[in-house]
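Trainee: I have this model open at the bench and would like a close look at one part of it. Could you walk me through a single hairpin and what surrounds it?

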Amino acid sequence: MIVNKFMMLSVGVTDMGAAKEFYVDKLGLQVKSDYRQDDNNWWVSLTPPEGGVTITLTTNYENLMKPGTLKVYFTASSVEASHKELSEKGARPEEIKTDLFGPGSGVKWFSVADPDGNQLLIAQV
């Protein structure tokens, strides 16, 4: 076995304060660690409430995908409730659709952009 677990995803951000506020206060992720040398070398690791892969926001992204070019998929128990809560918190989620896995799949989902334009898809599966 070469690998046995997906551990972390790094997301480049331009404004850590805005990104951290979005992922913690709007999405509800939990801060696992927050390490800052300076504004250009700052890492905030986050986990979903039910655990899983750690998402590390970083301002040191020279070797990563540039901010605004990433697409991340999350699940929710109720897409409608998540959509409503994000809207109430000032995020601008797109309309709910029912075709995540293609026409007729019936899988409800919507997307919302983080402050850098990274696309977050929230699906009910």
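Mentor: In the hairpin of β6 and β7, five residues sit between the strands, and glycine 117 takes a positive phi near 95°. Keep in mind as you look that this is a predicted model. The two arms of the hairpin, β6 (residues 109–113) and β7, pair in the antiparallel sense over five bridges. To find your place on screen, start from alanine 113, whose bridge partner in β7 is glutamine 119.

Now follow β7 itself, residues 119–123. Four of its five residues are buried, that is, under 20% relative accessible area, so the strand is largely enclosed by the rest of the structure. Part of its surroundings is another strand: β5 runs parallel to β7, and five bridges join them. Here a good landmark is phenylalanine 74, which stands opposite isoleucine 122 in β7.

From that landmark you can step over to the largest pocket, which holds about 740 Å³ of space. Its lining counts 27 residues, and Phe74 is among the closest to the centre, together with Pro48, Pro49, Thr75 and Ala76. Strand β5 (71–75) supplies at least two residues of this lining, and so does helix α2 (79–88). By class, the lining has 16 nonpolar residues, seven polar and four charged.

So what should you take from the tour? Phenylalanine 74 links the two views: it stands opposite isoleucine 122 in β7, and it is one of the residues closest to the centre of the largest pocket.

Methods: Residues are numbered from 1 along each chain as its sequence is written. This is a predicted model: local features need pLDDT of at least 70, side-chain atom pairs count only at pLDDT 80 or more; totals for chains, interfaces and linings use all residues. Side-chain values use heavy atoms; hydrogens and water are left out. On a 1 Å grid over the protein atoms alone, a cavity is a set of points where a 1.4 Å probe fits but cannot get out, and a pocket is an open set with protein on both sides within 12 Å along at least five of seven lines; lining residues have an atom within 4 Å of a point. Grid points are joined across faces, edges and corners, and a volume is the space filled by probe spheres set on the points. Ala, Val, Leu, Ile, Met, Phe, Trp, Tyr, Cys and Pro count as nonpolar, Asp, Glu, Lys and Arg as charged, and the others, Gly among them, as polar. Buried means under 20% relative accessible area, exposed over 50%, partly exposed in between (1.4 Å probe, protein chains only). Two strands pair if DSSP finds at least two bridges between them.
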